[in-house]
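Subject: Structure for your review

Hello,

I am passing on the structure we discussed. Please look it over before you read my notes below.

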Amino acid sequence: MHLRIDGEAVAVPGGSSILDACDAAGRYVPRLCHYPGLSRPWAAAEGGGPALWDECGLCVIRSGDGSEVLACATAAAPGMEIVTDDPELRAIRLGRLASILAGHPHICLSCPDRDGCSRDVCTYGNAPEARCCAEFGRCELGALVGFVDAALALPRRAVTASRDAVTEGRIRREMGLCIGCGRCARICDEAPEAGRALEMGAADAPAAGAQERPRPVARPKKGTLQAAGCTFCGRCGPACPAGALSTPGGAGARRPGRRRAGSRPATPVLPPVGREPLTEQAVGAVPSKAGVLHLLDGAGRVLRITGAADVRRALTEALAGQARGEAAYFRVELDDLYTQRESELLARYAQQNGHLPPGNEVDDDLFGDDLP
Amino acid sequence: MDGQREFWRWSERSWQAPDLDRQAVTAVTAGIDVGSVSSQAVLLAGGRLVSFFSTRTGSSSPDSAVRAFKGAGEPLGITLDDVSYTVGTGYGRVNVPFADRTITEIACHARGANFMAGPAVRTILDMGGQDCKVIRCDERGKVLNFIMNDKCAAGTGRGMEVIADVLSVPIEEIGRRSFEIDDEPPPVSNVCTVFAKSEATSLLRAGWSVERVLAAYCAAMAQRVAGLIERMGVEREFFITGGIGKNVGVTRRIERLIGVEALRLPEDSVFDPQIAGALGAALFAHSLHRKREKERGVAAGAGAVMPPVDTAARKDLWPPAAGR
């Protein structure tokens, strides 16, 4: 069956969802509750039962008739015209992401030590309840936030949550970090080797100031994983996008036995590095703070990496000069020591590409011998 | 122990071209390098080096920039009004209040090293106050690639200052004294600036001489930097800039580790490796000034354009003439 995604023709097998089709086309659409090989989170509600929890809603896309639908919940149909990215879709996703981040500690996303830290102490004095977790720098949620909000329109705040952690076998639970996506509970229910030990339940208390009903959190069906019949297959940890469930020291808590070897964990589609279109609207959402900006061309190639005392102003200037350049997208990160950060990012780029970004090259006519 | 003396304090350095005819000094361009530990100003007149000054960066970057400029300009009676174009560089480049433009310290160091040590330079090691970079450049001093150390002051100029204080050795003597040993000690295991004091003290207590501790520390620093250089690979010629470039205790040990000798400036050279960034900035300022003059000339319909003096200036200066 053939359909068009962002103008590109894609062929997918019958029965695919729009999200499957987008993945096949290499168009990442953000998602938290969806996980390959699992049922949809609110399937129970469709069968007539009460909805246990809300879907994340991040995979919203625009279908051919202009309506906004969830890509994971909508079957692909022949001839469909799908738009995965426009300003309205971005705004919807930002709103949904904001409510997810309201209860999840995420000050780690603006930490100046984003490139690495021993995590023994917090140099920046964040309260223990707001600090980063063991997945610092590599969690799916963080990458997703970078994708959905490359303009840093959502303030990165010090949200606190209970950080009590329990380790059973090699499965570590830190349920204060749970964002209620339900992946783990569905894996536990649906993977053949899993023990059906996890369920989604109401959060103990709504987050202070929360306007919506609190997202449910995952929990063992009985007091401990062992009591609930956990087989310690370790499938839940790698699926958790938020660091609430993890299997420190290995991909699985315990090697699945031979008889379970037939079931292989699915490979999730992870967020690529995000970018925003260089438009007045997107630039307007960028905070007026010190940081470093990347300017990218239409194909996503980095044109220039620049530190600025006010990234919004620097982007406004780039926007004004757009007619002369080829910049089509941008992304920003905030850092008070932006001249140093600029050098670090330039060094990283140069190491990966063997040269500087074209816009960071000093003009040839500034080298004395070339003067006319 | 001498509580009054500040062993870490390196001397400010000032140089002016001898026998300079003040009236002939025109088309002055300035390069100001405000680094994390030191600030430099270099003044060129028509592309010729006329003055430079190197000082410590104070608590205020703009003040340091002004102080560095005055240090270079005042002996010649040059004020900001006489300067046609200024380029700011270094981590504090955005805090040079009188800069016409800023250019990264990476580009400036490469350009400055190219001018200072000649067009054969391909690999530059810049050992600064709080970081360390290995830069690959072409024959014009244009950056091709570079790499820098992580966010850590260990093995940099600031770390050396701490060691000078801990061991009460004037910082400019560290390099020489680190070779006054019978055999090379193993490098200290930890070059962390914070732990330097306890590490050095425990070595002294274990009966090590001050020279031996210096050697172990210089060796550790060299080892750290050599790793960085090897990641980039060395292409000849190799040149070292920045404050630590003047510390033979570190530079010789780096050469030993990577098996490549760094290009040395002639004995009578006026250049100081620490001014490479500001020198590069001043050279860019000169080119930018000429470019602007040319554009103005074109705009005004005038045919007269400043002659290209830069190449000639380098010939005058290369090999560099003796200082005062």
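The notes below take chain A before chain B.

The model is predicted, so please read the comments with the confidence values in mind.

Chain A: overall

The mean pLDDT of chain A is 85, with 86% of its residues at 70 or more. Confidence within this chain is lowest in helix α2 (residues 43-46), where the mean is 48, and highest in strand β12 (residues 291-296), where it is 95. Chain A contains nine helices and 14 strands. Of its 372 residues, 48% are buried. Among contacts in chain A with a separation of 6 or more, 67% involve residues 24 or more positions apart. The exposed area of chain A is about 17,600 Å², and carbon and sulfur atoms supply 51% of that area.

Chain A: E276(A) and helix α4

E276(A) belongs to strand β11 (residues 276-277) of chain A. Is E276(A) buried or exposed? E276(A) counts as buried because its relative accessibility is 7%, and the cut-off for buried is under 20%. The side chain of E276(A) comes to 3.2 Å from the backbone nitrogen of A150(A). Apart from neighbours within four places in sequence, the residues in contact with E276(A) include R90(A), V148(A), D149(A), A150(A) and A151(A). A282(A), A328(A), Y329(A) and F330(A) are also in contact with E276(A).

V148(A) appears again in helix α4 (residues 140-148) of chain A, as one of the buried residues of that helix. The others are E140(A), L141(A), G142(A), L144(A) and V145(A). The cover over the buried residues of α4(A) includes β11 of chain A, along with α3 (87-101) and α5 (183-190).

Chain A: a three-stranded sheet

Three strands of chain A make an open sheet in the order β6-β7-β10, and the pairing is antiparallel. β6 (166-168) and β10 (245-246) of chain A are at the edges; each has a single partner strand, so one side of each has no neighbour in the sheet. Three bridges pair β6(A) with strand β7 (residues 171-173) of chain A in the antiparallel sense. Opposite T167(A), in β7(A), is R172(A).

Chain B: a four-stranded sheet

In chain B, an open sheet of four strands runs in the order β9-β8-β7-β10, with mixed pairing. Which strands stand at the edges? They are β9 and β10 of chain B; each has a single partner strand, so one side of each is left without a neighbour in the sheet. From one strand to the next, the twist averages 20°.

The pairing can be followed strand by strand. Strand β8 (residues 132-137) of chain B pairs with β9(B) in the antiparallel sense, over five bridges. Within that pair, K133(B) is opposite M148(B) in β9(B). The two strands β8(B) and β9(B) form a hairpin with five residues between them, and G141(B) in the turn has a positive phi of about 85°. Strand β9 (residues 143-148) of chain B is mostly covered, with five of its six residues buried. On the parallel side of the pairing, strand β7 (residues 123-127) of chain B is joined to β10(B) by four bridges. D126(B) has T241(B) in β10(B) as its bridge partner.

Helix α2 (residues 105-117) of chain B lies across β7, β8, β9 and β10 of chain B, and runs at about 65° to β8(B).

Chain B: backbone points to check

A few backbone values in the loops are listed here for your own inspection.

- The peptide bond joining R236(B) and E237(B) is cis, with omega at about -5°. E237(B) sits in the loop between α6 (210-232) and β10 (238-241) of chain B.
- A27(B) is a residue other than glycine with a positive phi, near 50°. The loop that holds A27(B) is the one between β1 (13-16) and β2 (28-34) of chain B.
- S168(B), also a residue other than glycine, has a positive phi near 55°. S168(B) is in the loop between α3 (157-167) and α4 (174-177) of chain B. With a relative accessible area of 23%, S168(B) is partly exposed.

Regards

Methods: Residues are numbered from 1 along each chain as its sequence is written. Chains are lettered from A and ligands numbered from 1 in the order in which they are written. This is a predicted model: local features need pLDDT of at least 70, side-chain atom pairs count only at pLDDT 80 or more; totals for chains, interfaces and linings use all residues. Side-chain values use heavy atoms; hydrogens and water are left out. Buried means under 20% relative accessible area, exposed over 50%, partly exposed in between (1.4 Å probe, protein chains only). Contact means heavy atoms within 4.5 Å. Accessible areas come from the Shrake-Rupley method with a 1.4 Å probe; for residues, only the protein chains shown count as cover. A polar contact is a pair of N or O atoms within 3.5 Å; within protein, one must be able to donate a hydrogen and the other to accept it, and residues adjacent in sequence count only if both atoms are side-chain atoms. Two strands pair if DSSP finds at least two bridges between them. pLDDT is the predictor's confidence in each residue, from 0 to 100. Axes are lines fitted to C-alpha atoms, for helices over the stretch in contact, and angles run from 0 to 180 degrees between N-to-C directions.
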